[in-house]
Amino acid sequence: MCGVVGYTGTKQAASWLLDGLQTLEYRGYDSAGIQVVSPSGNLHGVKCAGRVAVLRERAAAANPVGTCGIGHTRWATHGAPTDRNAHPHLDGTGRIAVVHNGIIENFQELRRELMAAGHTFVSDTDTEVIPHLIQEAWDGPAHGDLAAAVRNACDRLEGSWAVACVCSDVPGTLVCTRNGSPLVVASTDDGAYCASDVMPLAGVTSHVLQLDDFDVATLSPDGTVSITDRDGRKVEHPSAIDIDWDASAAKLGGYSDFMAKEISEQPEALERLLKDRLGKHGIELDELSLTREELAAVDKIVIIACGTSYHVGLIAKAAIERWARIPVAVEYASEFNYNEEYLVTDHTMCVVITQSGETADTLTAARRMRGMGCNVFAITNVLGSTAARESDGTLYIQAGPEIAVASTKAYTAQMVASYLLALRLALANGSMERAEVEKHFHELETLPDIMREVLARRWQDKQAARLFRGKQSSLFLGRNVNATTAYEGALKLKEISYLHAEAYPAGEMKHGPIALIEGGFPVVAVVPADHVHDKTVSNIQECLARGAVVIGVATDGDERVAKMCSEVLWVPPVADELLFPTVAVIHLQLLARYVARDRGYDVDKPRNLAKSVTVE
Ligand code: F6R
C-alpha cells in the first residue's frame, strides 16, 4: 500500500525513481508521481492518477532534469485517486516537496491551524499538511537545517508515516523519516537511496539500513547517509539487512504475469524452507526464542493473521492440535484488536502469520499479545519487516519476492512453516516420539514433487475455468482442513476475477447457501480420499440434485467423484490427509487465474487491493 522512493547522487534521478516505483507497483496503488530537484534548485514534478506506465509517458514528455528526487505510488485513503491528490505535495512556497506513506490522524486539526496562519491547500489529502509544517520549521526554528525541519514537523504528527522530502534551497539533500511505516536507506558509490521496502534497491545494493521509528536520515549526493534519532543524536549502529533476493527474482523471466511465475515457484520455495530442518535435535527451528522447557510448557496458542494468512492459521491449528496436542485459537487481527475480553494463560504463545510483515492490524494485535505477556513468534516472508523486528522470534519462509497481489507461494510456504512449528512443539512437549516426527518431516519432503505433478496438470484448470463463463456467483465446499482449501480457493477467485464466490464447510451448506444453487450454478468441491470423503460426496449429490455444475478437486483414481463432476482437478495421493491442502490449493490458484484471464483482467494487480495493507 503506497510506495516511497528517493535518490540523490550522480545519475539522473527521474529514471531510477520511475524504475523504483515500478518495482513497488505490487504493493497496490492508484496514482503516482515524482519530484526532481536540479543542481541549481529548480523543482520539477510530474504526477498523475493511474499506472506508473502513464507517469513514465508524462515524465518522458516533461523531462524533469536533476540528480536528486523523490517518488511515490499512492493508494487513496484521504481524497479520490486524482492527479491533484497524487504525491509529491508541495509547501506554500513551492520549495519543499514531500511524499508520504501512512495516515496522519490529526491532519484536520493541523490543517485548520495552518490555514489560520495563512497556508492554503490544494489537495484533499492528509499528507499535504507535512510540507506546510516543514515550511514553518524551515523558515523558523530549524534555520536551514532540513533534517531538523522535518523532525520538528513530524513531531506534530499523530498516526503513521514514512516521509521523504527534498527542498530547492538545498538541491542535493534528501531527508527521510518514519514512524510505524517501514523505510530503508542505502549508501552506494553512485549516491544514496531510500525506499519503503528493499525491492527497488535489490538492483543497486545488497546492503540496506533500516530506520527505527522517529529516526531521521539525511542523504547526500556522495552517497553519505547520516542518521539521527528523535532527539537529534547520531545513530551510530543502525540495524542493517543484507538482501539475498537477486534482482532477477523480481522480474517476469519469461512468464506472462507474476501470478503464473509465483504459482510455479512453489515447489522450490518449499525445498528451500525444508532444507536442513531435520537435525540432531529433531526439527531445527532455532528461530524460536523459547527453550525446549518453555516450549513444553506452552498450553495455548493464539494465531493472529489476516486474509490468506488467516487461512494458513486454520491449517496450522489443525496441525498443532493434532500433532502437538495444544489448543489453538485463530483470530482475525482486526477482530482480535477490538475484543477487550481476550483471555490468555500464563503460557500462551502467539504466532503471527504475515507474508509482508507489515499488515497494520496484525502488527497491532502482535503488540497487544506482547503486552499481555505472550511470547510472539512471526512467520513472514519479508526480511527485516516490522513483524520480524518486533517479534521474539521469526521464521522466514524464504519464498522470494511475491509481486502479484494475490498471495500464492507465500500461502503454501507459510503452511509448511506451520507444519514445522507443529512438529517442533510436538517433540518439545513429548506428544510425539522423535521417529514419528521424522516420519512426518519426510512426508513434508514429498510435497514439492507432488506440487510439480499438480502444476503439470494445469490444463485441467484451464478447462474447468470455462464453466465459469457467463456466471455471476459460485460456491466452494470442503470439509475438515479442506474447508480451508475452499475458503482460500474462493478468496483467490474473488480477488482476481471479481466473480462472487461463497465458501462453506460442505456440511454447513444445507443451512443456507444451498438456496443459491440453481441450474448451471458452479460448485467447486474439494473432496480428497480422506476420512470425510463419503460425507463430502453426499454434499456433492445434494448440489447435483439442484442442477449445479460441479468441479471436483479429488485424489487420483477416484471414480466415484469422476462420475459426478463435470470436471475434476486431480491431485496425486498425499501421505497424510493433513497435507492435502498444501498441494490441492495449487489447482484453485490456477483456476482463479484462468477465470480472471478469461474475463480479461490483470491478475497481478486486482482493483482496490494492496499487497501490504498498512492501514487499519
Ligand atoms: C490474498 C492476500 C491477502 C493477504 C492479507 C494479509 O491473496 O494476499 O488476503 O493475505 O492482506 O497480508 P499479510 O500476509 O502480508 O499480513
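Okay, let's start with a definition: when I say "domain" today, the bounds come from an automatic or database domain assignment. And keep in mind that what you're looking at is a predicted model.

So, cavities to begin with. How many cavities of 30 Å³ or more are there? The count comes to four. I'll talk about two of them.

The largest cavity holds about 290 Å³ of space. It has 26 lining residues, and if you want to find its centre on screen, look for R27, D197, S356, E358 and V382, which are the closest to it. Notice how spread out those numbers are along the chain. Where does this cavity sit, then? Domain 1 runs 3–247 and domain 2 runs 258–445, and both of them give residues to the lining, so the largest cavity lies between the two domains. As for what the lining is made of, by class we get eleven nonpolar residues, eight polar and seven charged.

Next, the second largest cavity. Here we have about 70 Å³ of space. The lining includes C2 and then a run you can click through, R74, W75, A76, T77 and H78. Also in that lining are H87, H100 and G102, plus T125, D126 and T127. By class, the lining of the second largest cavity splits into three nonpolar, seven polar and two charged residues.

Right, on to helices. I've got two pairs for you.

Pair one is α9, residues 307–324, with α17, residues 481–497. Their axes are 9 Å apart, and the packing angle is about 170°. Anything over 145 degrees counts as roughly antiparallel, and therefore that's what we call α9 and α17. Who's touching whom? On the α9 side it's G307, T308, H311, L314, I315 and A318. On the α17 side it's V481, T484, Y487, E488, L491 and K492. Sorted by class, this contact has six nonpolar, four polar and two charged residues.

Pair two is α13, residues 409–428, and α20, residues 580–598. These axes come within 10 Å and cross at roughly 170°, which makes α13 roughly antiparallel to α20. From α13, the contact uses Y411, T412, M415, V416 and Y419. From α20, it uses P581, T582, V585 and Q589. And how many charged residues are in this contact? None: the contact of α13 with α20 has six nonpolar and three polar residues, and no charged ones.

One thing to take back to the viewer: go and find that largest cavity between domain 1 and domain 2. Thanks, everyone.

Terms used. Residues numbered from 1 in each chain as written. Predicted model: local features only at pLDDT ≥ 70, side-chain atom pairs only at ≥ 80, totals over all residues. Heavy atoms only, no water. 1 Å grid on protein atoms, 1.4 Å probe; cavity = no way out; pocket = protein on both sides within 12 Å on 5 of 7 lines; lining within 4 Å. Points joined across faces, edges and corners; volume = space filled by probe spheres on them. Nonpolar A, V, L, I, M, F, W, Y, C, P; charged D, E, K, R; others polar. Axes fitted to C-alpha atoms, helices over the stretch in contact; angles between N-to-C directions. Helix = DSSP H or I, 4+ residues; strand = E, 2+ residues; numbered from the N terminus. Parallel < 35°, antiparallel > 145°, perpendicular 65-115°, else oblique. Contact = heavy atoms within 4.5 Å.
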